[in-house]
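This report takes up two topics in turn, a patch on the surface and the surroundings of the ligand. Please keep the sequence and the structure in view while reading.

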Amino acid sequence: MQTLPGFRDFLPDDCARRNYVFARWREVARRYGFVEWEGPVLEPTELYRKKSGPEIVEQLFNFKDKGAREVALRPELTPTLARAVAAHERDFKKPLKWFSIGQFFRFERQQRGRLREHFQLNCDIIGEEDFAADIELVALCIDILRAFGFTEKDFVVRISDRDFWTDFFRNKNVAPDRWDELLQVIDRSGRESPERTAQKLGKLAAVVFATLKTGGKSEKLNKLVEGLAGRGLADFVSIDVGIVRGLAYYTGVVFEVFDRTGKFRAIAGGGRYDNLIGLLSDGSVSMPAVGFAMGDVVLGELINVTLAARNQIQSAVASKNKIDIYVVIAKEERRADSVKQIQQLRDGGYRVDYPLTATKVARQFQAAEDAGASVAVLYGDEWPQVKIKNMVTGDQGLLAHDGLLAHLQALSSLSS
Ligand code: HAM
């Protein structure tokens, strides 16, 4: 039996890496004053049909539950967030600054950087229409990536504005009911052949291609870059009107984050969606919103190919899965005494391991080394003294067994 295509087992090292990613996500989101929340992983399929856009609806893991409800594993968080906020907004002061970490499911075509399950960090500001919220979110996205050890040489946030294109279509007298479809075509233009894009754009092809080439002009986006420049973050962003985003609910600024080499799919993406909450609450609550999500898959790939980020994760992971103390039981008569002591050491906050059954002493020392123990404590002929060995320097000494905890607490190299 194997995992389903696009699903992963997380073996201990993978779990440690994932937890490291989650820890950085949480740490920086909290630095910006965001609070954590969570929604359900299973939702009514209708929630995504309403406004996520055709691409994501095609990719749903959906089925009928035993109560004959049409349900779907969540492909993204934003519709859930909009629903939850519409239902509970009275209980919270505005703007809401919420983040969430969870698993998402999309029946994607197999390709590099895209799986059928992935984890995302979502950060959203709800109830603030001022542009300051857009700037704050782009800055947060940049600072999260900086916390992994990336610099402006490693990634770039490409920012754009849906209004740029809707103004463009209006000027070209394109009927508003075609705008969504045309935005999807522009969104895919980077991934599809120019011929195919041209065919879909029809008469607009030449002028759209020309605009994509020259980049277009936008006062709003210049202001966004200025806002980031004021924080010293201008080198991390570039204006690129070719970014329109696949999801249908965006209404203003949109952005995506890519590695500088352009080798990988997007690391993160987001934007303003001022109408979604109104739409999902049938107009009873209307609130502006802006947010982004960062996935774990491309982020992990970029960490692997970026020396500073890779070194940082490796040393964090190595220290996370290490134990502090290995108790070597050299004489089985001492097992009861040693287990009693192990209980106290663990109560003291130390990570302690020992052999569950009688094992040769040499193998126990090997296990101590493999587990990364800083100290080995040997229970044997020396009782009521124990032998203590510093696993880094090799230094050994004898100690009264009841003085062990105090002795270890005095050692600065061990932390609880
Ligand atoms: P999205 O661009 O669809 O946006 O996804 C955000 C990020 O999730 C992507 O940049 C990518 O890193 C990761 N991701 C998406 N699909 C996959 C996949 N199949 N495999 C691996 N990683 C994937 C959204 O989901 C919006 N709801 C973001 C948002 C939040 N907008 C406003 N607030």
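## Surface patch and ligand shell

L42 has its place in strand 2, which covers residues 42-44. The model that holds this strand is a predicted one, and in it L42 has a relative accessible area of 36%, so L42 counts as partly exposed, the class between under 20% for buried and over 50% for exposed. Together with V41 and F63, L42 makes a nonpolar surface patch of about 240 Å².

The second topic is the ligand. Which residues of its shell are the closest? Among the 26 residues that surround the ligand, these are E76, T78, D124, R245 and Y250. Sorted by class, the shell is made up of 11 nonpolar, 9 polar and 6 charged residues. At least two shell residues are supplied by each of strand 6 (117-126), strand 10 (268-272) and strand 11 (289-295).

The polar contacts below pair atoms of the protein with atoms of the ligand, and they involve both side chains and backbone.

| Residue | Protein atom | Ligand atom | Distance |
|---|---|---|---|
| T78 | side-chain N or O | nitrogen | 2.7 Å |
| R245 | polar side-chain atom | oxygen | 2.8 Å |
| G295 | backbone N or O | oxygen | 3.4 Å |

As for how the ligand is covered, taken alone it exposes 660 Å², and the protein buries 97% of that area.

How values were computed. Residues numbered from 1 in each chain as written. Predicted model: local features only at pLDDT ≥ 70, side-chain atom pairs only at ≥ 80, totals over all residues. Heavy atoms only, no water. Patch = residues over 30% accessible without salt bridge, like charges linked within 9 Å, V, L, I, M, F, W, Y side chains within 5 Å. Areas by Shrake-Rupley, 256 points an atom, 1.4 Å probe, with all protein chains shown as cover. Salt bridge = Lys/Arg side-chain N within 4 Å of Asp/Glu carboxyl O. Helix = DSSP H or I, 4+ residues; strand = E, 2+ residues; numbered from the N terminus. Buried < 20%, exposed > 50% of the residue type's maximum accessible area, 1.4 Å probe, protein only. Near = heavy atom within 4 Å. Polar contact = N/O pair within 3.5 Å; in protein donor to acceptor, adjacent residues only side chain to side chain. Nonpolar A, V, L, I, M, F, W, Y, C, P; charged D, E, K, R; others polar.
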